[in-house]
Amino acid sequence: MLARLSARFNQYHERWLRKRIPASNRYTLHLKNVFIFPTRFGFGYLLTCISLFLLGTNYQNNLMLLLCQFLLAVFLLHLFISYRNFTATTLSLKPIAPVTAGEHALLTVQLEDKHPQQPFYGGLHMQLRGTSLSLLNRRADQEKQLKLLLPTRVRGIFNLPRITFSSTYPLGLFRCWTHLDFEQQLIVYPAPVPSSLRLDSADTTQGDTSGPTPGIDEFDSLRHFRPGDPMNRVAWKQAAKGGDLATKTFTQSRQESGWLSLAMYQDEPLEKALGLLSYQVNRLTGQQQTFGLRLGEQIVEPGSGEQHKLQCLGQLAQYRTTDQPYAAD
């Protein structure tokens with residue numbers, strides 16, 4: 001019963017937060033997205049003030065009443081200072097670089113002062129809602145950054161939960177906080193599993209054979225000079241020794257090309273097969289080779305380079321998965 005009521009309350013709270021603090025890439029803190037409430041220390045402070053008031057009234061001690069009023073004035077002044085300091089900053093989340101399963105993703109929040117004349121002071125606490133991941137940076141006012149490592153266990157595309165930021169500056173009597181949704185996703189690639197290269201060249205025109213072809217990479221041999229040969233290809237050292245003019249010939253190795261296909265690993269578990277393909281994508285990209293990727297009906301056309309690699313790894317990450325909320329455990 002309690003679990004059901006708690007779940008309903010959380011759903012209602014999330015809907016209310018979506019209306020009050022909509023998702024955004026950048027937030028400027030103000031009255032509508034900031035909450036403030038006394039801390040435990042603040043309530044103890046208030047209890048002390050009430051006790052002083054009762055004692056002063058009971059014993060008709062004006063000094064005690066004066067002290068009570070002074071402490072209450074400090075309490076109210078602290079309320080204004082805490083709110084003003086917390087709303088003196090603008091928060092933005094830097095793009096999160098994709099990682100492979102088992103690694104840690106780096107979440108970096110950038111702080112900016114709204115007005116140079118009114119900078120943010122003190123430390124800042126950050127926590128991912130619904131997880132135990134948190135960070136307290138006591139030098140946030142100087143470093144202007146908050147960095148938190150996010151552990152990953154499985155591949156997929158994960159929606160980051162709201163991030164709670166809070167501050168108790170300056171005396172800890174009040175806690176200011178906010179729940180921000182930066183609307184970012186964490187992409188986790190399959191962990192590479194070392195394996196031998198397996199390319200399917202059935203539908204490619206280049207094939208997957210390799211051999212020497214004319215090119216400019218490696219010296220091959222000398223042949224007799226022919227009129228029209230480029231002068232930078234002439235073996236001048238041999239000619240200087242009294243030999244006949246000769247032309248250098250060069251070759252280059254034909255690169256392997258073809259398709260990486262999930263169908264070639266039907267006997268393997270899905271996650272292992274995706275790990276094998278992830279390893280081969282990295283290997284072929286490192287060798288600057290051209291390749292395509294087939295994942296059932298999903299096809300990535302042959303290509304090469306870093307962008308092609310990221311496209312292939314992204315397809316591996318989201319294969320047979322849907323966007324899901326991030327969970328640290």
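**Close-up 1. Arginines over aromatic rings.** Let us start with Arg294, which lies over the face of Trp259, 4.2 Å from the ring centre. A second arginine does likewise: Arg198 is placed over the face of Tyr265, at 4.8 Å from the ring centre. As with every view here, what you see is a predicted model.

**Close-up 2. An open five-stranded sheet.** Here five strands line up in the order β2-β11-β10-β6-β7, with antiparallel pairing, and the sheet is open. Its edge strands are β2 (35-38) and β7 (134-137), each of which pairs on one side only. On average, neighbouring strands of this sheet are turned by 20 degrees against each other, direction ignored. Look next at β2 and β11 (residues 174-180): these two run antiparallel and are joined by four bridges. One pairing to pick out is that of Phe37, whose bridge partner in β11 is Arg175. Across the sheet strands β2, β6 (124-128), β10 (163-167) and β11 lies helix α3 (residues 62-86), running at about 30 degrees to β11.

**Close-up 3. The surroundings of His125.** His125 belongs to strand β6. Is this histidine buried or exposed? With a relative accessibility of 24%, His125 counts as partly exposed. Beyond its neighbours within four places in sequence, His125 is in contact with Ser134, Leu135 and Leu136, and also with Thr164, Phe165 and Ser166. Leu135 makes a handy landmark: it is ten residues from His125 in sequence, and the two C-alpha atoms are 5.8 Å apart in space.

**Close-up 4. Aromatic rings around Phe182.** The model contains nine aromatic pairs. In one of them, the ring centres of Tyr27 and Phe182 are 5.5 Å apart and the planes stand at 85 degrees, so the pair is edge-to-face. Because Tyr27 lies in strand β1 (residues 26-28) and Phe182 in the loop between β11 and β12 (185-189), this pair ties together parts that are 155 residues apart in sequence. Both Tyr27 and Phe182 are buried. Phe182 also pairs with Phe165: their ring centres are 6.3 Å apart and their planes at 90 degrees, so this pair too is edge-to-face. Here strand β10, home of Phe165, is tied to the loop between β11 and β12, and the linked parts are 17 residues apart in sequence. Phe165 has a relative accessibility of 0% and counts as buried, while the relative accessible area of Phe182 is 3%. Elsewhere, Trp16, Phe35 and Trp177 form one aromatic cluster.

**Close-up 5. Strand β9 and its partners.** Two pairings of β9 (residues 156-159) are worth following here. With β12, strand β9 runs antiparallel, joined by four bridges. Within that pairing, Ile157 has Ile187 of β12 as its bridge partner. With β18 (residues 324-325), β9 pairs in the parallel sense over two bridges. There, the bridge partner of Phe158 is Gln324.

**Close-up 6. Nonpolar cores.** The largest nonpolar core has 37 residues, and the members with the most contacts inside it are Leu107, Val109, Leu150, Phe165, Leu186 and Tyr326. Which elements give two or more residues to this core? They are β3 (89-93), β5 (104-113), β6, β8 (145-151), β10, β11 and β12. The largest share, four residues, comes from β5. For a closer look, take Val109: setting aside its neighbours within four places in sequence, its contacts include Leu91, Leu93, Met126, Leu146 and Phe165. A second, separate core of 20 residues has Val281, Phe291, Leu295 and Ala317 among its members.

**Close-up 7. Backbone details in three loops.** The peptide bond from Tyr169 to Pro170 is cis, with omega near 0 degrees. You will find Pro170 in the loop between β10 and β11. Two other residues invite a look at phi. Lys144 is not a glycine, yet its phi is positive, near 60 degrees; this lysine sits in the loop between α4 (140-143) and β8. Arg320 likewise has a positive phi in a residue other than glycine, near 55 degrees, and its place is in the loop between α7 (306-318) and β18. With a relative accessible area of 65%, Arg320 is exposed.

Key. Residues are numbered from 1 along each chain as its sequence is written. This is a predicted model: local features need pLDDT of at least 70, side-chain atom pairs count only at pLDDT 80 or more; totals for chains, interfaces and linings use all residues. Side-chain values use heavy atoms; hydrogens and water are left out. Two strands pair if DSSP finds at least two bridges between them. Axes are lines fitted to C-alpha atoms, for helices over the stretch in contact, and angles run from 0 to 180 degrees between N-to-C directions. Contact means heavy atoms within 4.5 Å. Buried means under 20% relative accessible area, exposed over 50%, partly exposed in between (1.4 Å probe, protein chains only). Rings of Phe, Tyr and Trp (its six-membered ring) pair if their centres lie within 6.5 Å; planes under 30 degrees apart count as stacked, over 60 as edge-to-face and the rest as tilted. A charge sits over a ring if NZ of Lys or CZ of Arg is within 6 Å of the ring centre and within 35 degrees of the ring normal. A nonpolar core is a set of buried Ala, Val, Leu, Ile, Met, Phe, Trp, Tyr and Cys residues joined through side-chain atoms within 4.5 Å.
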